[in-house]
Amino acid sequence: MIRPEITNRMAEAGAVAVLRIRRKLSLLPAAEALAEGGVRVLEVTLTSPNALPAIRSLAARFTPELIIGAGSVLTAEQVHQVAENEAWFIVSPVVKPDVITAAHACGLPVMPGVFTPTEAQIAHELEADMIKVFPAGFLGVGYIKALLAPMPHLRLVPTGGVTPATAGEWIEAGAAAVGIGSALADETTIAEGRLSILTERARVLCASIAASRKAIQVS
């Protein structure tokens, strides 16, 4: 798929499930459980052990059913590494022009992280495909509305503090999608193999997003 198509599919999905773990665990069972619950976009952070082979194996298993991407990307070199391992999108915690340029050179959408209005606009002017707002829980839903009032062109993805039940609130505030990590797929639940919990959380997440979009259409 071309970059705009990948970006649109991410927005249509409404949520990016972030898999960030510290132990050497297979992410395949967690990914399968989340997919069963309706999740369609997965981000594997480079801070996780064996992140690169995990991205490759998940991409091989799920493409094109799921879009698999890489998070916590900080350098252009890392962009090329994850692209070589079949990542479909890039997420960075910060705005770095070289990361954005490298991602686009690889044909991949990129989502840099921002905190302030100035950072958000700079990311947009650098042609970021979507913009991660972090930590969203600290800033609050009202922050998304406030940012979009003068800058409605921004495609914001609040991350950090979003839960399956509250995801729809961020969508109603104007977010293009949400990023959700431990509230959806925490390391303990994955390690203990309680995968049905992940599936149920994913269902709640998808239902929350669907309900919010329906409410927006009605209004």
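Colleague: What volume does the largest pocket have?

Modeller: About 360 Å³, and keep in mind that this is a predicted model. The pocket is lined by 19 residues, and Val18, Arg20, Phe134, Gly181 and Ser182 lie nearest its centre.

Colleague: And what makes the other space a cavity?

Modeller: A cavity is a set of points where a 1.4 Å probe fits but cannot get out, whereas a pocket is an open set. The structure holds 1 cavity of 30 Å³ or more, with a volume of about 40 Å³. Among the residues lining this cavity are Val16, Val18, Glu43 and Lys132.

Colleague: How do the residues of that lining divide?

Modeller: Into 5 nonpolar, 2 polar and 2 charged. Glu43 and Lys132 are in the lining, and they count as charged because Glu and Lys are on the charged list.

Colleague: Why is strand β2 called mostly covered?

Modeller: Buried means under 20% relative accessible area, and 5 of the 5 residues of β2 (residues 41-45) are buried, so the description fits. Val41, Glu43 and Thr45 point one way, Leu42 and Val44 the other. In a regular strand the side chains alternate between the two faces of the sheet.

Colleague: How do you know that β1 and β2 pair?

Modeller: Pairing needs at least two bridges. β1 (residues 15-19) and β2 have 3, in the parallel sense, so they pair. Leucine 19 stands opposite valine 44. The chain gets from β1 to β2 through helix α2 (residues 28-36), in a right-handed β-α-β crossover.

Colleague: What about β2 and β3?

Modeller: They have 5 bridges, also parallel, so they pair too. One bridge joins threonine 45 to glycine 71 in β3.

Technical notes:
Residues numbered from 1 in each chain as written. Predicted model: local features only at pLDDT ≥ 70, side-chain atom pairs only at ≥ 80, totals over all residues. Heavy atoms only, no water. 1 Å grid on protein atoms, 1.4 Å probe; cavity = no way out; pocket = protein on both sides within 12 Å on 5 of 7 lines; lining within 4 Å. Points joined across faces, edges and corners; volume = space filled by probe spheres on them. Buried < 20%, exposed > 50% of the residue type's maximum accessible area, 1.4 Å probe, protein only. Helix = DSSP H or I, 4+ residues; strand = E, 2+ residues; numbered from the N terminus. Right-handed = clockwise from strand over helix to strand, strands pointing away.
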